Amino acid sequence: MLETVNASEPSDRNSKKRFRILAMDIDIRGHHPSYVRNFAKTWAEHNIQGNLDFLVSRKFFELHPDETKYVQSLSSHRISIHSLTQMEDNRMESVPYLRYFRAWELFCKYSASLGADHGLLMFSDYFQLPMLVGPRSPCPFSMIYFRPTFHYQMFGKFKAPLKERFRAWRKKLLLNRVLKIAKLSRLYCLDGFAVEYMKKQFKTKASIHFLPDSFATFSVAVSSLESLRSGLGIDSSRTIFCLVGILDRRKGVRELLEAVLTLTDSEAKRVCVLLVGELHPNQELEVLALLERVRLTSQVQVVLNNDFVPEEDIQKYYELSDVTLTTYQNHMGGSSALIRSALAKRPVLSSDNGLMGEIVRTRQLGLTVDATKPLNIADGIRAFLDDRAECKLNLESAHCFVEENSSARLAEALKMLINRV
């Protein structure tokens, strides 16, 4: 049985029935906690007229108590958060390849038991096959699709091995089937290029919309940045190149550290590499060994903040940096790092591949390089040290980019969910 926290107020139940939405997110790492929090915050601040019920795993409650308590505090805005029972959680996690099949069954089950008028899968990429072969949803639903790659051939700098191209083709075939599901009402996607491509390529009764990649914003005082820089021990004369997030292989930490090892002593003395976020177990030993090598053989200052960063502190690191690093390896999809960097008015040194590279180039957010090659990353660092024209941030374009991904734009997308047409 579903365990509920902060269900709608009794007065809600006795009044005219409000439109009820069940938003499911069973993942607990990366962007997922902040997405739950930000959707709830946006719903409350923009006074969206409907009930919003979140359905998450028990581990979400255990690992993210701050986000859980925040959502609970919004009960007066007709917002609730529910967790699966321990038994449901265990069964869902017991066989990894069945995880999303069982999660889809739970989505259908609780859409019915909670009397949801509409469902929302907050991360639908792995739900597509379960949607096709599993039970039918008892109510109309929408889905957020994060990583379409079948349109990447449109991008001038797209590079992918045959395996990735086959995967993109398979994604297109699967989505084509999913878009024919009768109860699918809307597909949201954070990739604006993909939205236009899908509208042209797929025949579907579902509507396809861009979803702003919004996040909660917090004011950052200059004094707090000075304290942060001092606390991290960063030399005042150095240019800060900052990488924020879960530090795993995908983020390209190894390639970055190999790159700075190739800088000359005079260049290295001007550089600080700031790594912010938890080191992933799959790369921890390798990165720590490389860090020690950099410290012993190079004049580059490397600062590692190997810890979880609370939502309210993330933007500080973008404000503190001179250049944001998004030198990810074969990354699929976008990244809020680009928006956060634009918000802080900081340029990025980015991978030139896929969606991120295309956004940086078309929006003039900084410089792109082939991030799979450390020597190219090093050349990018030199370009910023020399203040070359190609590294400049287009402030007007950056402002528009931030506005397109604002809370107000996200509210407009969420209001579509209560549109019964």
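**Stop 1: a salt-bridge network**

Select Arg-249, Arg-254, Glu-255, Glu-258 and Glu-286. A network of salt bridges links these residues. You are looking at a predicted model. In the whole structure, a search turns up 20 salt bridges. Some of the others come later in the tour.

Now pick Arg-250. Look for it in the loop between β9 (239–244) and α11 (253–260). Is Arg-250 buried or partly exposed? Its relative accessibility is 35%, so it counts as partly exposed.

Keep Arg-250 selected and add Val-133. Along the chain, the two are 117 residues apart. In space, 31 Å separates their C-alpha atoms.

**Stop 2: zoom out**

Show the protein chain as a cartoon. Its secondary structure comes to 19 helices and 14 strands. Turn the view along the principal axes. The C-alpha atoms fill a box of roughly 70 × 45 × 45 Å.

How does the radius of gyration compare with that of a compact globule? For 421 residues, such a globule would have a value near 22 Å. The protein chain has 22 Å, which agrees. Of its 421 residues, 54% count as buried.

**Stop 3: salt bridges across the chain**

Select Asp-53 and Arg-20. They form a salt bridge, and their closest N and O atoms are 2.5 Å apart. Find Asp-53 in strand β3 (residues 51–56) and Arg-20 in strand β2 (residues 20–24). The pair therefore ties together parts that are 33 residues apart in sequence. Both Asp-53 and Arg-20 are buried.

Next, select Lys-109 and Glu-88. Their side chains meet in a salt bridge at 3.8 Å, N to O. Lys-109 is in helix α6, and Glu-88 is in helix α5 (residues 86–94). So this pair ties together parts 21 residues apart in sequence. Which of the two partners is buried? Glu-88 is buried, with a relative accessible area of 11%. Lys-109 is partly exposed, with a relative accessible area of 46%.

Then go to Arg-388 and Asp-386. Their side chains also meet in a salt bridge, at 3.3 Å from N to O. Arg-388 counts as partly exposed, at 34% relative accessibility. Asp-386 counts as partly exposed too, at 47%.

**Stop 4: rings in helix α6**

Now colour the aromatic residues. A search of the whole structure finds 16 aromatic pairs. Start with Trp-104 and Phe-107. This pair is stacked, with 5.2 Å from centre to centre and 25° between the planes. Why does the pair count as stacked? The angle of 25° meets the rule, because planes under 30 degrees apart count as stacked.

Both residues lie in helix α6 (residues 99–113). They are 3 residues apart, about one turn of the helix. Check how covered they are. Trp-104 is buried, with a relative accessible area of 1%. Phe-107 counts as buried, at 0% relative accessibility.

**Stop 5: a pair between two loops**

Select Phe-123 and Phe-146. Their ring centres are 5.1 Å apart, and their planes are at 45°, so the pair is tilted. Where do these two residues lie? Phe-123 is in the loop between β5 (118–121) and α7 (128–133). Phe-146 is in the loop between β6 (141–145) and α8 (162–178). The pair therefore ties together parts that are 23 residues apart in sequence. Both Phe-123 and Phe-146 are buried.

Widen the selection. Add Tyr-35, Phe-39, Tyr-100, Tyr-126 and Phe-127. Ring pairs link these residues with Phe-123 and Phe-146 into a cluster.

**Stop 6: charges over rings**

Select Arg-37 and Tyr-70. The charged end of Arg-37 sits over the ring of Tyr-70, 4.2 Å from the ring centre. Then move to Arg-340 and Phe-215. Here the charged end of Arg-340 sits over the Phe-215 ring, 4.0 Å from its centre.

**Stop 7: out to the surface**

Turn on the surface. Select Phe-166, Trp-169 and Leu-173. They make a nonpolar surface patch of about 350 Å². Zoom in on Leu-173, which is in helix α8. How exposed is Leu-173? Its relative accessible area is 46%, so Leu-173 is partly exposed.

Conventions: Residues are numbered from 1 along each chain as its sequence is written. This is a predicted model: local features need pLDDT of at least 70, side-chain atom pairs count only at pLDDT 80 or more; totals for chains, interfaces and linings use all residues. Side-chain values use heavy atoms; hydrogens and water are left out. Rings of Phe, Tyr and Trp (its six-membered ring) pair if their centres lie within 6.5 Å; planes under 30 degrees apart count as stacked, over 60 as edge-to-face and the rest as tilted. Helices (H or I, at least four residues) and strands (E, at least two) are DSSP runs, numbered from the N terminus. Buried means under 20% relative accessible area, exposed over 50%, partly exposed in between (1.4 Å probe, protein chains only). A charge sits over a ring if NZ of Lys or CZ of Arg is within 6 Å of the ring centre and within 35 degrees of the ring normal. Patches are made of residues with over 30% relative accessible area and no salt bridge: like charges are joined within 9 Å, nonpolar side chains (Val, Leu, Ile, Met, Phe, Trp, Tyr) within 5 Å. Accessible areas come from the Shrake-Rupley method with a 1.4 Å probe; for residues, only the protein chains shown count as cover. A salt bridge is a side-chain nitrogen of Lys or Arg within 4 Å of a carboxyl oxygen of Asp or Glu. The radius of gyration is taken over C-alpha atoms; the globule rule is 2.2 Å times the number of residues to the power 0.38.
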